[in-house]
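Q: Please take a close look at a single part of this model and describe its partners and surroundings in a connected way. I would like the cut-offs behind each term as you go, since I want to follow the account at the bench.

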Amino acid sequence: MPYEVFALTQIADNTVVQFFYTLTDSDDTQIETNHGADPIAYLHGHDGMIPAIEAALEGKSAGDTLHLTLAPDQAYGERQEGQEQRVPLKHLQGLPKGVRSWKAGMVAVVQTDQGMRQVTVIKPGLKMVLVDTNHPLAGKTLTYDIEVVDVRAATDEEIAHCHAHGVGGHHH
């Protein structure tokens with residue numbers, strides 16, 4: 001009787017990885033999770049993921065779980081003093097629905113020459129906003145609980161674009 005042999009795909013360069021995660025800080029306070037939503041997807045080996053997470057996922061397969069604690073230098077770096085910058089209000093993106101104006105402590109997104117960047121509002125004004133350009137998670141020890149849900153070979157198009165397409169990935 002014929003049977004099918006299923007190749008177990010391991011995470012390696014040019015594979016698309018989908019996973020669920022929960023992120024907590026050093027006090028075990030949950031910062032974010034994507035459980036209950038679509039898994040995140042990235043193209044392994046193309047600088048689309050925090051390098052320490054990508055290294056830890058190397059060789060893993062669908063169904064594997066990972067508990068990974070990263071020091072600031074492995075995640076979003078140490079906080080740097082003097083990273084305040086005035087930005088025109090019109091350049092801030094990400095105001096939550098139902099909120100009418102930016103307030104101190106809120107996280108916004110700003111388009112830069114290097115792509116989208118998260119910043120923290122320090123002092124909003126009528127036309128200009130003072131922001132901290134450190135990543136909001138800079139200086140924090142972070143723990144990721146990761147569940148790999150799918151690993152597949154990337155398409156030629158995904159490799160050419162240097163990112164995953166489809167659920168949890170980039171949409172054109």
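**Strand β1 and its surroundings**

A: The protein has 2 helices and 9 strands, where helices (H or I, at least four residues) and strands (E, at least two) are DSSP runs numbered from the N terminus. This is a predicted model, in which local features need pLDDT of at least 70 and side-chain atom pairs count only at pLDDT 80 or more, while totals for chains, interfaces and linings use all residues. Residues are numbered from 1 along each chain as its sequence is written, and side-chain values use heavy atoms, with hydrogens and water left out.

Read from the N terminus, the order of elements is β-β-β-α-β-β-β-β-β-β-α, and the C-alpha trace spans about 75 × 35 × 30 Å along its principal axes. Of the 172 residues, 33% are buried, meaning that they have under 20% relative accessible area, with exposed meaning over 50% and partly exposed in between (1.4 Å probe, protein chains only). Contact here means heavy atoms within 4.5 Å, and among contacts between residues at least 6 apart in sequence, 60% join residues at least 24 apart.

The part to look at closely is strand β1, which covers residues 15–25. Because 11 of its 11 residues are buried, β1 is largely enclosed by the rest of the structure. Its side chains alternate in direction: T15, V17, F19, Y21, L23 and D25 point one way, V16, Q18, F20, T22 and T24 point the other way, and all of them are buried.

Several strands lie alongside β1, where two strands are said to pair if DSSP finds at least two bridges between them. With strand β9 (residues 142–153), β1 runs antiparallel and is joined by 11 bridges; within that pairing, Y21 has I146 as its bridge partner. Strand β3 (residues 40–43) also pairs with β1 in the antiparallel sense, over 4 bridges, and here Q18 stands opposite A41. Strand β2 (residues 30–33) is antiparallel to β1 as well, over 3 bridges, with T22 opposite T33. The link between β1 and β2 is a hairpin with 4 residues between the strands, and D28 in its turn has a positive phi of about 65°. As background, most residues other than glycine have a negative phi.

T22, which belongs to strand β1, shows how these pairings come together at one residue. T22 counts as buried because its relative accessible area is 15%. Its side chain makes a polar contact of 3.0 Å with the side chain of T33; a polar contact is a pair of N or O atoms within 3.5 Å, for which, within protein, one must be able to donate a hydrogen and the other to accept it, and residues adjacent in sequence count only if both atoms are side-chain atoms. Leaving aside neighbours within four places in sequence, T22 is in contact with Q30, E32, T33, H35, T143, Y144 and D145. T22 and I146 are 124 residues apart in sequence, yet their C-alpha atoms are 6.8 Å apart in space.

Another part of β1 is touched from the end of the chain, through E158 in helix α2 (residues 156–161). E158 counts as buried because its relative accessibility is 1%. Not counting residues up to four places away in sequence, E158 touches V16, L43, R152, H163, A164 and H165, and of these V16 is one of the residues of β1. The side chains of E158 and R152 are joined by a polar contact of 2.7 Å, while the side chain of E158 also reaches the backbone nitrogen of H165 at 2.8 Å. H165 itself sits in the segment after α2 and counts as buried because its relative accessibility is 16%; its side chain makes a polar contact of 3.2 Å with the side chain of H163.

C162 is in the segment after α2 too, and its phi is near 65°, a positive value in a residue other than glycine. C162 counts as partly exposed because its relative accessibility is 41%. A further positive phi, near 60°, is found at D47, in the loop between β3 and α1 (51–57). D47 is exposed because its relative accessible area is 74%.
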